[in-house]
Amino acid sequence: MIMFVLFILIAAFSAKQVASQELSTPTNIIMALPKTMRAVGLYKYLPIADVNSLIDLEVNLPVLKEKDVLVEVKAIAVNPIDAKQRAPKPNVETTPRILGWDGAGVVVAKGQSAKTFNIGDEVFFTGDHRRNGSNAQYVALDEVLVGTKPKKLTFEQAAAMPLTSVTAYECIYDRLLISSKDKGRTLLIINSAGGVGSVASQMAKNLGLKVIGTASRPETQEFSLQHGTDIVLNHTQDLIPQLVAQGHGNGVDFILVNYDPFPYWDTLMKAIKPQGRICLIVDSSGLVDLRPLKDKSVTLVSEMMFTRIKYDTEDKIRHHQILEQISKWLDKGELKHTLTNTLSPINAANLREAHRLIEQQGMIGKLVLSGF
Ligand SMILES: *[C@@H]1O[C@H](CO)[C@@H](O)[C@H](O)[C@H]1NC(C)=O
Ligand SMILES: *[C@@H]1O[C@H](CO)[C@@H](O)[C@H](O)[C@H]1NC(C)=O
């Protein structure tokens, strides 16, 4: 099948030589790709304390599809989706499954109809949760999942951003439909110090909104204030009296819920203003009552970063465009990166530690692993 016909452009590159390199005239030493690579993956879905929950592997390089680029991975981020995909269940894979849908690296090969990037380009990327991911020395990615790495950021800082930034962007612009016309209106972000919250708060602040976050520890409150929130409420206490005390007794225009909405449901129904919009990004742990939405004509909307990719939507190019926008904002300093913690190298032991930290919740910003 043509899909699997490889048009691998193998050219020598190094991160410093790439800028003006012509594909047709590789002037540098030709460096063949290795046949196998190191990776971290799983066969069984086990609790993270089990040493077999994530294991070191030596596997073949991924096979490229037509529109793929092959990226040599320099740094990866770990997200709640990784822990969720790895969560214990009886299934056993016959071939290893490689997780990870966030990272930064260098393009080293491309499929025949991949047009956006050149060999040697430094990129950052998300992923497709149905395919093998970035927890490997090389990852194959549809080019729509890839953006230009912000030049001012290190690979580690860049790797911290794609998945949370695309999610935050889609929440703010595509789901809550917030724009500069909403200047002065209020956004409440439940759990504003995490990966998505700390980017969404900056984007909303840049649009002129008043951003109210929630966090419970002094360090998470401080982090949130440094990333775009105007005030931070304590989510271990009832939010309604705190909103009243802050002068928002009439409610807020928008709410972004970066947490299980179930325990917050009554609060959300009370806190949202008439004709307000609420966006959920985490599955609800219980059934919720939609009936209170009607009286205030409230819009409830969901966000899943993989939707455009999974359903091959007509507007899926937007995923790439969002990454390019994020990259520009990061280079201009209009967005601050949210990297807080780096582990090295990328191996099973460090990835198990990363998953353990993610599962504990209460993360501040983003956790990245770098180097093999
Ligand atoms: C993931 O990688 C492993 C190791 O190369 C391979 O056996 C498996 O088929 C890949 N899975 C997918 C979904 O491509
Ligand atoms: C948030 O509230 C909890 C429970 O009342 C309290 O233990 C904690 O110290 C508060 N956090 C801050 C930063 O004040």
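## Two domains and their interface

The domain assignment, automatic or from a database, splits the protein into domain 1 (28-161 + 315-370) and domain 2 (165-305). This is a predicted model: local features need pLDDT of at least 70, side-chain atom pairs count only at pLDDT 80 or more, and totals for chains, interfaces and linings use all residues. Residues are numbered from 1 along each chain as its sequence is written, and side-chain values use heavy atoms, with hydrogens and water left out.

The centres of the two domains, taken over C-alpha atoms, lie 28 Å apart. In contact (heavy atoms within 4.5 Å) are 23 residues of domain 1 and 23 residues of domain 2. The buried area is about 1,800 Å², and carbon and sulfur atoms give 60% of that. Buried area is the accessible area (1.4 Å probe) that two parts lose on being put together, summed over both. I322, K336 and I364 supply 26% of what domain 1 buries against domain 2, more than any other three residues.

Two salt bridges link the domains. Each needs a side-chain nitrogen of Lys or Arg within 4 Å of a carboxyl oxygen of Asp or Glu. K84 forms a salt bridge with D283; their closest N and O atoms are 2.6 Å apart.

Domain 1 also holds paired strands. Strands are DSSP runs (E, at least two residues), and a pair needs at least two bridges.

| Pair | Sense | Bridges | Residues opposite |
|---|---|---|---|
| β1 (residues 36-45) and β2 (residues 55-60) | antiparallel | six bridges | A39 and L57 |
| β1 and β4 (residues 89-98) | antiparallel | four bridges | G41 and I98 |

Terms used:
Chains are lettered from A and ligands numbered from 1 in the order in which they are written.
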